[in-house]
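Q: I'd like to learn how to read a structure like this one, feature by feature. Can we go through it together?

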Amino acid sequence: VQLVESGGGLVQAGGSLRLSCAASGSLFSIRTMGWYRRAPGKQRDFVATITGGGTTNYAASVEGRFTISRDNIKNTVYLQMNSLKPEDTAVYHCYAAVVTTLSPILGEYWGQGTPVTVSS
């Protein structure tokens with residue numbers, strides 16, 4: 001299973017970015033998908049998740065500013081980020097819980113990350 005993120009970049013405070021993450025490989029069923037982020041010198045933190053049925057969950061720090069969505073046909077998850085703040089600067093990693101065609105066991109997969117820099 002491969003997860004490939006795109007859409008990161010440099011933006012001024014108050015601006016917007018949209019991240020995308022496409023899953024590919026031996027996919028049988030993609031359950032929860034989501035985004036985590038790692039700021040410089042810090043541990044990886046939860047940002048948002050979305051279940052296969054569309055139930056969403058957000059970190060308090062992004063609630064009301066970020067919106068997670070997914071396209072189950074394209075096996076893609078998105079993160080619309082509005083009203084960005086300098087403290088949102090981090091590498092954003094895509095996450096997916098997947099049952100593959102090779103094994104019935106649910107596995108967790110991560111993307112390499114896409115950097116987001118918010119300037120003040």
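**Reading the strands and the core**

A: Let's start with strand E11, where the side chains alternate: Thr114, Val116 and Val118 point to one face and are buried, while Pro115, Thr117 and Ser119 point to the other face and are not buried. Keep in mind that this is a predicted model.

Q: What do the side chains do in a regular strand?
A: In a regular strand, side chains alternate between the two faces of the sheet. E11 shows this with Val116 and Val118 on the buried side and Thr117 on the other.

Q: Thr114 is polar on paper, so to speak; is it buried or exposed?
A: Thr114 has a relative accessibility of 7%, and since buried means under 20%, it counts as buried. A polar atom of the Thr114 side chain lies 3.2 Å from the backbone nitrogen of Gly8.

Q: Which strands pair with E11, and in which sense?
A: Strand E2 (residues 9-12) pairs with E11 in the parallel sense over 4 bridges, and there Leu10 has Thr117 as its bridge partner. E9 pairs with E11 in the antiparallel sense over 3 bridges, with Val91 standing opposite Pro115.

Q: Which strands form the open sheet, and in what order?
A: Four strands make it, in the order E1-E3-E8-E7, with antiparallel pairing. The edges are strand E1 (2-6) and E7, each of which pairs on one side only. On average, neighbouring strands in this sheet are turned by 15° against each other, direction ignored. For a close look at one pairing, take E1 and E3: they run antiparallel and are joined by 5 bridges, and Val4 stands opposite Ala22 in E3.

Q: Now the core. Where do nonpolar side chains tend to go in soluble globular proteins?
A: They tend to be buried together. Here the largest nonpolar core has 30 residues, and those with the most contacts inside it are Trp35, Leu79, Met81 and Tyr92. Strands E3 (17-24), E4 (27-38), E5 (44-50), E7 (66-71), E8 (76-81), E9 (90-100) and E11 (114-119) each supply at least two of its residues.

Q: Which strand gives the largest share of this core?
A: That's E9, with 5 residues.

Q: How many aromatic pairs are there, and how do I read their geometry?
A: The count comes to 4 aromatic pairs. Look at the distance between ring centres and the angle between planes: for Tyr36 and Phe46 these are 5.6 Å and 70°, so the pair is edge-to-face. Tyr36 lies in strand E4 and Phe46 in strand E5, so the pair ties together parts that are 10 residues apart in sequence. Phe46 is partly exposed, with a relative accessible area of 27%.

Q: What about the pair of Tyr95 and Trp110: what is its geometry?
A: That pair is tilted, at 5.0 Å centre to centre with 55° between the planes. Tyr95 sits in strand E9 and Trp110 in strand E10 (residues 107-110), so the pair ties together parts that are 15 residues apart in sequence. Tyr95 counts as buried at 10% relative accessibility, whereas Trp110, at 30%, counts as partly exposed. Ring pairs link Tyr36, Phe46, Tyr95 and Trp110 into a cluster.

Q: Which charged ends sit over rings?
A: The charged end of Arg44 sits over the ring of Trp110, 3.7 Å from the ring centre. Arg18 does likewise with Tyr78: its charged end is over that ring, 4.1 Å from the centre.

Q: Last one, backbone angles. Which sign of phi do most residues other than glycine have?
A: Most of them have a negative phi. Asn75 is not a glycine, yet it has a positive phi of about 55°. Asn75 is found in the loop between E7 and E8 and is partly exposed, with a relative accessible area of 25%. Ser83 also has a positive phi, near 50°; Ser83 lies in the loop between E8 and E9 and is partly exposed at 41%.

Q: And Lys74: where is it, and is it buried or exposed?
A: Lys74 is in the loop between E7 and E8, and it is exposed, with a relative accessible area of 55%. The C-alpha atoms of Lys74 and Asn57 are separated by 21 Å, with the two residues 17 apart along the chain.

Terms used
Residues numbered from 1 in each chain as written. Predicted model: local features only at pLDDT ≥ 70, side-chain atom pairs only at ≥ 80, totals over all residues. Heavy atoms only, no water. Core = buried A, V, L, I, M, F, W, Y, C linked by side-chain atoms within 4.5 Å. Buried < 20%, exposed > 50% of the residue type's maximum accessible area, 1.4 Å probe, protein only. Phe/Tyr/Trp six-rings, centres within 6.5 Å; stacked < 30°, edge-to-face > 60°. Lys NZ or Arg CZ within 6 Å of the ring centre and 35° of its normal. Pairing = 2+ DSSP bridges. Axes fitted to C-alpha atoms, helices over the stretch in contact; angles between N-to-C directions. Polar contact = N/O pair within 3.5 Å; in protein donor to acceptor, adjacent residues only side chain to side chain.
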